[in-house]
Amino acid sequence: MAIKLMYITNEPEVAHIAEECGVDRIFIDLEIRGKEERQGHIDSVKSHHTLEDISSIRNTLVNSELLVRANALYPDSKDEINEIISRGADIVMLPMWTSADDVRRFRDYVDGRAKVLLLLETIPAEKALDEVLEMDGIDEVLIGLNDLHLQYHLKFMFELLANGKVDEIMTKLKAKDIFSGFGGIASLNKGMISGKNILTEHYRLKSDMAILSRSFCDTSKVKDLEEIRNIFAEGLKEIRDYEQLLTTQPAEYFEANHQEVIRKVGDIIK
């Protein structure tokens, strides 16, 4: 089965193009609380989306799911989550959780009205994962490489692929048959580690989903809608064609790619 691809945007025209070209989920990102403090020193995506954007994108989509990342839990989380769902989110993501109690609160706030997606991006969350996986009402888990690699004081987010940490977490998730994935991918031939390398790792680990990274289509730089359409159409065709090839490859192909990723990560962190 093809990996579900997600793209972060609050622009209806871009969302429409992404959906038409085959993006499975459009991603509204409301998280602002604490993000600048955590990631201000790295070149990560810091969105400034609003609750109103949820309604705007909801009215644009026909087939793609609408995913909304809420803020980490705070006193007004229940009200925020209620509004996210009332505006039409299909999936609500919880970032920066640190305990099973956080997950229970979030799950209860969602109350079955949307899918629950946990963004695992803290060391305490990783330690609480076994307890969380015994709970009902947890639909999906995405491993957040940006914050998790910072928590481990690593230099590069894909060190978590090279050092076995993603393998360890994905093994637990797959043992419980949790819909899961990690990080993002660029176009197949872009990125410090190529999209082809990373997509092959997704298949090795039986990942179900990935975010299309900013470098796949950076709409802060590319403004022409026809050019954006071409980027999505060509880039998604390349990804889907390569996925077809991956379904025919033996285990040795994936192990060779994994060793290549380890070598490339080693070169980068030097």
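Helices, taken as H or I runs of at least four residues, and strands, taken as E runs of at least two, are DSSP runs numbered from the N terminus. The exercises below use these labels on a predicted model.

**Exercise 1.** Determine where Asp-177 and His-153 lie, and whether each is buried or exposed.

*Solution.* Step one is to place the residues: Asp-177 is found in the loop between α9 (165-175) and β7 (179-185), while His-153 belongs to the loop between α7 (145-151) and α8 (159-162). Step two is the backbone, where Asp-177 has a positive phi of about 60 degrees although it is not a glycine, and where the phi of His-153, also a residue other than glycine, is positive and near 60 degrees. Step three is accessibility: exposed requires a relative accessible area over 50%, so Asp-177, with 71%, is exposed, and His-153, with 72%, is exposed because its value passes that cut-off.

**Exercise 2.** Decide whether Glu-121 is buried or exposed, and list its contacts beyond four places in sequence.

*Solution.* Begin with the location of Glu-121, which is the loop between β5 (115-120) and α6 (123-132). Since buried means under 20% relative accessible area, the 3% computed for Glu-121 makes this residue buried. Finally, once neighbours within four places in sequence are left aside, Glu-121 is in contact with Pro-95, Met-96, Gly-144, Asp-147, Leu-148 and Gln-151.

**Exercise 3.** Find how many residues the largest nonpolar core has, and which helix gives the most to it.

*Solution.* The general background is that nonpolar side chains tend to be buried together in soluble globular proteins. Here the largest nonpolar core has 76 residues, and those with the most contacts inside it are Trp-97, Leu-118, Val-166, Leu-199, Leu-212 and Phe-232. Helix α11 (residues 225-246) gives the most to this core, with six residues. A second core, separate from that one, has eleven residues, among them Leu-67, Met-93, Phe-179 and Met-209.

**Exercise 4.** Describe how α6 packs with α9, working from the axes to the residues.

*Solution.* Two packed helices are described by the angle between their axes and the distance between the axes. For α6 and α9, the axes come within 10 Å and cross at roughly 20 degrees. Angles under 35 degrees count as roughly parallel, so α6 is roughly parallel to α9. The crossing of these two helices is left-handed. On the side of α6 the contact is made by Glu-126, Leu-129 and Asp-130, and on the side of α9 by Lys-165, Glu-168, Ile-169, Lys-172 and Leu-173. Sorted by class, the contact of α6 with α9 has three nonpolar, no polar and five charged residues.

**Exercise 5.** Carry out the corresponding analysis for α1 and α11.

*Solution.* The axes of helix α1 (residues 12-21) and α11 come within 9 Å and cross at roughly 30 degrees, and therefore α1 is roughly parallel to α11. The handedness follows as a separate step, and α1 passes α11 in a right-handed crossing. From α1, the residues Glu-13, Val-14, Ile-17, Ala-18, Glu-20 and Cys-21 meet Leu-225, Ile-228, Arg-229, Phe-232, Ala-233 and Leu-236 of α11. The residues of this contact divide into nine nonpolar, no polar and three charged.

How values were computed: Residues are numbered from 1 along each chain as its sequence is written. This is a predicted model: local features need pLDDT of at least 70, side-chain atom pairs count only at pLDDT 80 or more; totals for chains, interfaces and linings use all residues. Side-chain values use heavy atoms; hydrogens and water are left out. Buried means under 20% relative accessible area, exposed over 50%, partly exposed in between (1.4 Å probe, protein chains only). Contact means heavy atoms within 4.5 Å. A nonpolar core is a set of buried Ala, Val, Leu, Ile, Met, Phe, Trp, Tyr and Cys residues joined through side-chain atoms within 4.5 Å. Axes are lines fitted to C-alpha atoms, for helices over the stretch in contact, and angles run from 0 to 180 degrees between N-to-C directions. Angles under 35 degrees count as roughly parallel, over 145 as roughly antiparallel, 65 to 115 as roughly perpendicular and the rest as oblique. A crossing is left-handed if the near helix is turned anticlockwise from the far one by less than a right angle, and right-handed if clockwise. Ala, Val, Leu, Ile, Met, Phe, Trp, Tyr, Cys and Pro count as nonpolar, Asp, Glu, Lys and Arg as charged, and the others, Gly among them, as polar.
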